[in-house]
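Got your viewer open? Let's take a walk through this one together, one selection at a time.

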Amino acid sequence: MTEEIAAVNPAPSTEQKKPEIVAKVEFITWKYPPYCELCNVYFSGEPCSKTHFEGRNHKNRLHTWKEYQNPDSLPKDSKDVLCNICWKKMNTQLILDDHCKSPAHLKEKQGRLIVQKLKEDYRQLKESNKTN
């Protein structure tokens with residue numbers, strides 16, 4: 001009975017609505033892009049972008065991504081399965097299935113959607129600046 005009431009009259013949200021992420025002209029001058037497709041994150045400033053791309057977490061994901069780009073380089077007896085959103089190896093499909101339901105994975109998945117939109121906006125911005 002309580003679940004039905006909650007569904008009909010949801011509790012007021014305490015979450016603040018996040019502003020829409022859009023590409024800005026100043027992004028073009030940055031050494032690194034304002035997003036990382038591999039890590040599903042975006043950056044509000046150039047120092048954050050630089051720190052991310054030079055950081056250990058990004059390099060670890062990049063290593064895993066490179067490892068899986070060439071399946072012949074993987075050990076023949078490896079039973080690991082990969083989450084290609086989080087770039088994490090799991091021991092079994094069951095563990096991967098559980099991982100895909102986790103809040104951390106769902107956050108990464110949402111981040112990927114934002115990054116894909118930002119990537120397209122950034123590409124269009126760069127193209128329009130080439131023609132000007």
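Which residues touch the most other members of the largest nonpolar core? Select A23, F27 and C36 to find out: out of the 18 residues in that core, these three have the most fellow members in contact. Keep in mind as you go that you're looking at a predicted model.

**Stop 1: the big core**

Now colour β1 (35-36) and α5 (103-131), the elements that each give two or more residues to this core. The top contributor is α5, with 4 residues. If you're wondering about the general idea, nonpolar side chains tend to be buried together in soluble globular proteins.

Zoom in on C36 and show its neighbours. Skipping residues up to four places away in sequence, C36 touches V41, F43, H52, F53, H58 and V115. Then pan over to a separate core of 6 residues, where you can pick out V81, I85, C86 and M90, among others.

**Stop 2: aromatic pairs**

How many aromatic pairs are there? The count is 4. Select Y35 and Y122 for one of them: the ring centres sit 5.7 Å apart and the planes meet at 80°, so this pair is edge-to-face. Follow the chain between them and you'll see that Y35 belongs to strand β1 and Y122 to helix α5, 87 residues apart, so the pair links distant parts of the chain. Both Y35 and Y122 are buried.

Next, select F43 and F53. They make another edge-to-face pair, at 5.9 Å centre to centre with 65° between the planes. F43 is in the loop between β2 (41-42) and α2 (46-53), while F53 is in helix α2, 10 residues apart. Are F43 and F53 buried or exposed? Both are buried. Add Y32 to your selection, and you have one aromatic cluster made of Y32, F43 and F53.

**Stop 3: a serine in α2**

Stay with helix α2 and click on S49, which lies in it. S49 has a relative accessibility of just 1%, and with the cut-off for buried at under 20%, it counts as buried. What does S49 touch, leaving out residues up to four places away in sequence? Its contacts are W30, Y32, P33 and F43. Two of those should look familiar: Y32 and F43 are part of the aromatic cluster you just selected.

**Stop 4: the annotated stretch**

Select residues 34-64. The UniProt record, an unreviewed entry, annotates this range as "domain: Matrin-type". Over this stretch the chain is 55% helix and 13% strand, and its end C-alpha atoms are 22 Å apart.

Jump to T64, found in helix α3 (residues 56-69). T64 counts as buried, at 10% relative accessibility. Its contacts, again without residues up to four places away in sequence, are L82, W87 and K89.

**Stop 5: two cysteines**

Last selection: C83 and C86. How many disulfides does the structure hold? The answer is 0. For C83, the nearest cysteine sulfur is that of C86, 3.9 Å away. Why is that pair not a disulfide? Two cysteine sulfurs have to be within 2.5 Å to count, so at 3.9 Å C83 and C86 don't qualify. Check their surroundings too: C83 is buried, with a relative accessible area of 3%, and C86 is buried as well, at 2%. You've met C86 before, as one of the members of the 6-residue core.

Methods:
Residues numbered from 1 in each chain as written. Predicted model: local features only at pLDDT ≥ 70, side-chain atom pairs only at ≥ 80, totals over all residues. Heavy atoms only, no water. Core = buried A, V, L, I, M, F, W, Y, C linked by side-chain atoms within 4.5 Å. Buried < 20%, exposed > 50% of the residue type's maximum accessible area, 1.4 Å probe, protein only. Contact = heavy atoms within 4.5 Å. Phe/Tyr/Trp six-rings, centres within 6.5 Å; stacked < 30°, edge-to-face > 60°. UniProt positions renumbered as here; feature names shortened; annotations may be inferred.
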